[in-house]
Amino acid sequence: MSRNACRRVCDSTPVVVYGRSPGRRPPFLIGHRDRWGPVTVLGDASRTAQPKSGSMRTSARRWTTAVFAATLTLAPTIAAHASPVSSADDARTERRTTAAASPEAGAAAAWMAGQLVDGAIPGFANPDWGLTIDTQWALIATEADPAVIRSVVKAVSEHVPDYAGPGWYPDPDARIAGATAKILLAAVTAGQDYRDFGGRNMRQETLDLLAGPDAGVEEGRIRDFGTGNDDTNIFSQSLAVMGLARSGGVPEAAVNFLVRQQCADGYFRMFYNDKLTCDEGQGAPDGDGTAMAVQALMTAQNYGIGGVDDEILKGLTWLTSVQKPDGSFGGGVSTEGSNTNSTGLVAQALVGGGRTAAADKAKDWVASLQLTAENVGAAADHVGAIAYNGESLADAVANGINLGIDQWRRATPQAVFALAPVPFADLAWTDPDPPTDPTPSPTVTVTATATATATVTTTARPTSTPTVTKTLPGKPPTTVPGPTVVHTSTLRPPPLPRATTTSTRTVVVMPTLPALPRPTTTVTTTMSPTPQQTTSAPTTTAGPSGRDADDTAQYLLSRLTGGNHVEVDKDGKRYVDYDATVDLGLALRQAGKLPGSVGAIASLMAQPDAVAAYAHGVPYDEPNARYAGPLAKLTLLLALSSKDAVGNDLAGELAARVQADGRITDQSKSGDQSDLTSQAYGVLALVAANRADDAKRAVDALLRQQCGDGSFPAKFGPAEQRCQTGDIAATAIAVQALNAVRPGAEPAAPTATLQKAVKALTDRQDADGVWKAGWQQDGQPSIPATSAAMVALRSVGLETADAATRLKSAIAADGGLPVRPGGTSDPDASAAALPALTGTSLLTIDTDVLTRGTTAPFAEGATETTTTQAATTSQDLGPWWLWAGLAVVLVVGGAALGWLVTTRRSPARRSAPTRTGSR
């Protein structure tokens, strides 16, 4: 199994306690198979053995009591300063690990690489380009030699016409649909420009092959063109859905047609030329086709399509139901018997759907059919190859592999996905040493309409053949093109939970407007220690009856243009507001609302053009500009929304902006505009991206800015000029940053710092449960300030029921919330309020990249203050050995004092009368 695939499979299964979701450990009943030992119950006096009487035992008890009392007094100090090693060891025992790539997968990759001739797999007469692409995907999944992968990608790109058409067809416009879609997905997974792959726009060609509305029930079906016959099947449709979804968005009709091919039992049929549904046509079950179709639906959902939950679940359930006792799977008609091709494809789908137990059984079965140094027999030149079935393996061991080599070349690339089960939704590779290309990337202009169709204008590279956009008969423009998706070889975390509330499938479209120029000033909500801050708020009129977070989510959804971005008017012009778009996506993700829309936003924001506009200031700033806040929020959104392949690249850019003192700064011709909020988001993003060292340095810079009352200021200031009070929003996000960890890790900030920050927020809360912004002249409650504080308190486990009641009363008839009660609905205020209404935060959502480090100091009524400066660490108080020595001296002194006191009192005890009888 590859290192990438292992993220989904290698961790042992979490223990679910009292209905909590896997992966989220409850605060006290912590358990994890193979991670923690049995629970030991302490302090049960009824089971404590009592010592016998006697002066020696009494004296020993006196010494023990004295030593225990002194030790108990010093326990916190000793633990904090004299035991750094043990705490680190404990952290290591709970920290997740990632296994290395399996030797079985590596051996298969080496064998496949040896079968290539000029980057292609030989066929019966000419190179087999379909099989070559299968081999490319297998090499990516097994993390093979980049030079080998590069040679395959180059060969495929140079032979697009030979595989997709026209090839030998007399019609120069002839296109083979399945091959066209397969090349599109091959280009996407290899990180290539799919709009200029082999001189052709593979996305556009795939879209052109989709049947239009005039096709009736076959609308959305990908069909061959100009070949004299249509030989498409479930593989063709699945490849088209995956390729289009991962290259900017898939039309809803294509997904709908795929869903029509699923029978009620959950399987998908392979062929469908009858214009009927699967059940109407009594389609035969097909394991291979079902595995591909289920992966296509999961890929579409990860990239913005909703409403396919039931279909995915039914498909996965059917696949597990037909697994054979030995872990194997069969295919469809004529391939029903157990074989490694089918088993590899199904294992790939099972891992994508979280069915790891079934996938592990499939892996073991496939591994048993691999040629190894121990079992190779007469096939000594083919170590690593995987047999189609047991008969093929036995024949090869006895007689070698001769004329039957083609079967092995076909079996191994698909079988290897049981050993390295990387789903198609995650399969990605970036050339570590790409060829230099000074020519600019093509630009794509998309004009969206109310029916989610679009017209496309493509400007090709100057050095390549201009791309021609053809309109084929019966195919109206339904294009949703987007820029090249940049991928790395690192897998994303598990995808978002399958949508359960989305009933409409959303098509992702690219915006056509320029980005909103970056503001140069920031409005902050400043804390004020004046009495006005704590006065009672005016009574507000309750909002419409029954309004809740779902209404607010729908309000935010209505703010999206094209289902994936926010547009605003400024100075008579219209712009895309990428910052508002990301904030809205983070709000929905935290609240667990509209996961399909979250996927659409994240898919858009993962596009290079969106990244360049939002995080790099294109076209307004210098070429090497990098913005700390946008980089942080975008990295965080992608990490939380299953777009880690792109997010890791951005995390690297963000880490590069961490300075020697821990500050995360901008690089811009306008100067550094970073602040405490961007610093806190930077910490959260670095933690989510698993960059612990960079996150620790950023936390240290944050700690140095804590004000005297525990809050944090909006802007950075000199450390020697400590502020007295800070900003509500900055303090709220800082609380989450200071408590953020990867699951199983230790928080980087001292608990005392977190306690002071939480207390600073609770001290500013009115008796009626709301917060006010100091810059408001009339002292009315601030909904953004209230929301930010509520989310922060929820992130450490504190209840905010009173504030939630007040917040709900401010929901307007349209579902939105104003900045202040009584005002008009404001999208930014509504986005801030949504997670507060649902009682969630960045640290409490269901994800394996971010969680809260502790809730222990924040039980209701237990928040404490401290006179020690919050940023003080154990190193500031002196070396640990000094504290350990002091502890020993105090323990001995305390013991001696205890002995003296008890010894002097003993004669009186002996002279006292003895009581008899019972009470």
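**Ring contacts and helix 19 in a predicted model**

The charged end of arginine 195 is placed over the ring of tyrosine 194, at 6.0 Å from the ring's centre. This arrangement belongs to a predicted model, in which arginine 663 likewise lies over the face of phenylalanine 716, 3.8 Å from the ring centre. The structure also holds four aromatic pairs, and the bullets below take up some of these before turning to helix 19.

**Aromatic pairs**

- Tyrosine 267 and tryptophan 318 have ring centres 5.6 Å apart and planes at 55°, so this pair counts as tilted.
- That pair links distant parts of the chain, 51 residues apart, since tyrosine 267 belongs to the loop between helix 11 (252-260) and helix 12 (287-302), while tryptophan 318 belongs to helix 13 (residues 309-321).
- Tyrosine 267 is buried, with a relative accessible area of 10%, and tryptophan 318 is buried with a value of 14%.
- Phenylalanine 417 and phenylalanine 424 form a tilted pair, with 6.2 Å from centre to centre and 40° between the planes; both residues are buried, and ring pairs join them with Trp137 into a cluster.

**Helix 19**

- Helix 19, residues 578-591, has 14 residues and reaches 20 Å from its first C-alpha to its last, close to the 20 Å expected at 1.5 Å a residue.
- Twelve of the 14 residues of helix 19 are buried, which leaves the helix mostly covered; among them are Tyr578, Leu584, Arg589 and Gln590.
- At the N-terminal end of helix 19, aspartate 577 acts as a cap, with a side-chain oxygen 3.3 Å from the backbone nitrogen of aspartate 579, whereas just after the helix glycine 592 takes a positive phi of about 70°.

Conventions:
Residues are numbered from 1 along each chain as its sequence is written. This is a predicted model: local features need pLDDT of at least 70, side-chain atom pairs count only at pLDDT 80 or more; totals for chains, interfaces and linings use all residues. Side-chain values use heavy atoms; hydrogens and water are left out. Helices (H or I, at least four residues) and strands (E, at least two) are DSSP runs, numbered from the N terminus. The expected span of a helix is 1.5 Å times one less than its number of residues. Buried means under 20% relative accessible area, exposed over 50%, partly exposed in between (1.4 Å probe, protein chains only). A polar contact is a pair of N or O atoms within 3.5 Å; within protein, one must be able to donate a hydrogen and the other to accept it, and residues adjacent in sequence count only if both atoms are side-chain atoms. Rings of Phe, Tyr and Trp (its six-membered ring) pair if their centres lie within 6.5 Å; planes under 30 degrees apart count as stacked, over 60 as edge-to-face and the rest as tilted. A charge sits over a ring if NZ of Lys or CZ of Arg is within 6 Å of the ring centre and within 35 degrees of the ring normal.
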